[in-house]
Amino acid sequence: MSSTVLKLTKSEIQKLKNYYTDYLLHKNVPYSEFSAKKNGVSITAYTSGKVLFQGNNAETEAARWGKPATAAAKTSGSLPANFASLAVLGSDEVGNGSYFGPLCVCAAYADKEHLAALKKLGVKDSKMLTDDQIRSMAETIKELIPYKLLVLQPEKYNEIQPKYNAVRMKVALHNQAIRLLLEQIAPAKPDAILIDQFTPETNYQKYVKQEAQPVKEKIYFVTKGEQYHLAVAAASIISRASFLEELDAASHTLGAKVPSGAGKPSDELAAKLLRQGGMPLLKKYAKLHFANTEKAQKLV
């Protein structure tokens, strides 16, 4: 079991508490603001401002809220000068925190000649765009710059999840997307590779060593990487658009709205699928190791 500690402000801790409302634990932990448990990860926020995440997916859950206080990863301060104007290959993922839908990882290459066009298009963090904007913008981006998109469907996700924890799975996908895109754009070479940080660099390096063809050169890690280069923002938008398309397709097939996230609507739809086709049906659409599976079974 791994653990990660963040140092957050009071307002940030309140945001966490609101986010984990459905997962709060009613137990008295000394000097704590709240405690919760989601997807096997225990979260305890202390009055000192420290927030402890514990569990097999602790790094991934903590990465939603900031950079670990103990992480020895590169930060924006260690990026090369004028980083935003360099030719960069950036990668990002969408779907890791959603019970339904795939895990989508995209690597995108934005050279110096295309930066102005991406900026004019309005490329930025996908979380700041509407779903309609994302869908439209993704199509234009895909025509403008080289990219490599990998979509890991839930059924395949469930097949490899016992061997690959959530972090190792993302490391493998990011590495593969980056490697394939480097091959695609050759002989051109990026000035740098920027991964939107989801785990400490030491952790990433530990897992990437286990890959058959690890990419190691010129790699940087920054949380909220889309703020430092448009390549990461473009990758984020393409990933998000793909994730939305997959949810739409699943909704059409099932005849019911397939929600994003891991809240109560996910529990209710999972229970419906269990009634219709049991676990064989549910595993085609959902990531079974999430706590939602157990909640759905109780509803049934």
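A salt bridge here is a side-chain nitrogen of Lys or Arg within 4 Å of a carboxyl oxygen of Asp or Glu. Keep that in mind for the opening stop, and remember throughout that you are looking at a predicted model.

**Stop 1: helices α4 and α8**

Select Arg240 and Asp131 and show their side chains. They meet in a salt bridge, with 3.9 Å from N to O, a distance that falls within the 4 Å cut-off. Now colour the two helices: Arg240 belongs to helix α8 (residues 230-254) and Asp131 to helix α4 (residues 131-144), so this pair ties together parts that are 109 residues apart in sequence. Turn on the surface and you should find Asp131 partly exposed, at a relative accessible area of 34%.

Stay with these helices and add Asp248 and Arg135. Their side chains also meet in a salt bridge, at 2.8 Å from N to O. Asp248 sits in helix α8 and Arg135 in helix α4, so here the parts tied together are 113 residues apart in sequence. Asp248 is partly exposed, with 34% relative accessibility, and Arg135 is partly exposed as well, with 28%.

Before leaving helix α8, click on Ser242, which is also found there. Is Ser242 buried or exposed? Its relative accessibility is 7%, so Ser242 counts as buried. Show what surrounds Ser242: leaving aside residues up to four places away in sequence, it touches Cys104, Leu149 and Val151.

**Stop 2: a pair inside helix α5**

How many salt bridges does a search of the whole structure find? The search gives eight. For another one, select Lys156 and Glu159, whose closest N and O atoms are 3.4 Å apart. Both residues lie in helix α5 (residues 154-160), three residues apart, or about one turn of the helix. Lys156 is partly exposed at 40% relative accessibility, while Glu159 is exposed, with a relative accessible area of 56%.

**Stop 3: the nonpolar cores**

Next, hide the charged side chains and look inside. In soluble globular proteins, nonpolar side chains tend to be buried together. The largest nonpolar core in this model has 65 residues, and a good place to centre the view is on Phe53 and Phe100, which touch the most other members. Which helix gives the most to this core? Helix α6 (residues 166-185) does, with nine residues. Apart from this core lies another, of 30 residues; Cys106, Ala110, Ile145 and Leu230 are among them.

**Stop 4: helix α6 against helix α7**

Bring helix α6 back into view together with helix α7 (residues 201-208). Their axes come within 9 Å and cross at roughly 75 degrees, so α6 and α7 are roughly perpendicular to each other. To see the contact itself, select Val167, Arg168, Val171, His174 and Asn175 in α6, then Asn203, Tyr204, Tyr207 and Val208 in α7. Colour them by class and you get five nonpolar, three polar and one charged.

Now zoom in on Val171 of helix α6. Val171 is buried, with a relative accessible area of 0%. Not counting residues up to four places away in sequence, Val171 touches Phe198, Tyr204, Tyr207 and Val208. For a sense of scale, draw a line from Val171 to Lys10: the two are 32 Å apart, C-alpha to C-alpha, and 161 residues apart in sequence.

**Stop 5: helix α9 against helix α10**

Move on to helix α9 (residues 264-282) and helix α10 (residues 291-299), whose axes come within 8 Å and cross at roughly 85 degrees. That crossing makes α9 roughly perpendicular to α10. On the α9 side, select Ser266, Asp267, Glu268, Ala270, Ala271, Leu274, Arg275, Met279 and Leu282; on the α10 side, select Asn292, Thr293, Lys295, Ala296, Gln297 and Leu299. The residues of this contact divide into seven nonpolar, four polar and four charged.

**Stop 6: strand β2**

Finish with a strand. Select Ser35, which has its place in strand β2 (residues 32-38). Ser35 is buried, at a relative accessible area of 3%. Which residues does Ser35 touch, not counting those up to four places away in sequence? Show Leu24, Leu25, Lys27, Val29, Ile43 and Thr44 to see them.

Note on methods: Residues are numbered from 1 along each chain as its sequence is written. This is a predicted model: local features need pLDDT of at least 70, side-chain atom pairs count only at pLDDT 80 or more; totals for chains, interfaces and linings use all residues. Side-chain values use heavy atoms; hydrogens and water are left out. Axes are lines fitted to C-alpha atoms, for helices over the stretch in contact, and angles run from 0 to 180 degrees between N-to-C directions. Helices (H or I, at least four residues) and strands (E, at least two) are DSSP runs, numbered from the N terminus. Angles under 35 degrees count as roughly parallel, over 145 as roughly antiparallel, 65 to 115 as roughly perpendicular and the rest as oblique. Contact means heavy atoms within 4.5 Å. Ala, Val, Leu, Ile, Met, Phe, Trp, Tyr, Cys and Pro count as nonpolar, Asp, Glu, Lys and Arg as charged, and the others, Gly among them, as polar. A nonpolar core is a set of buried Ala, Val, Leu, Ile, Met, Phe, Trp, Tyr and Cys residues joined through side-chain atoms within 4.5 Å. Buried means under 20% relative accessible area, exposed over 50%, partly exposed in between (1.4 Å probe, protein chains only).
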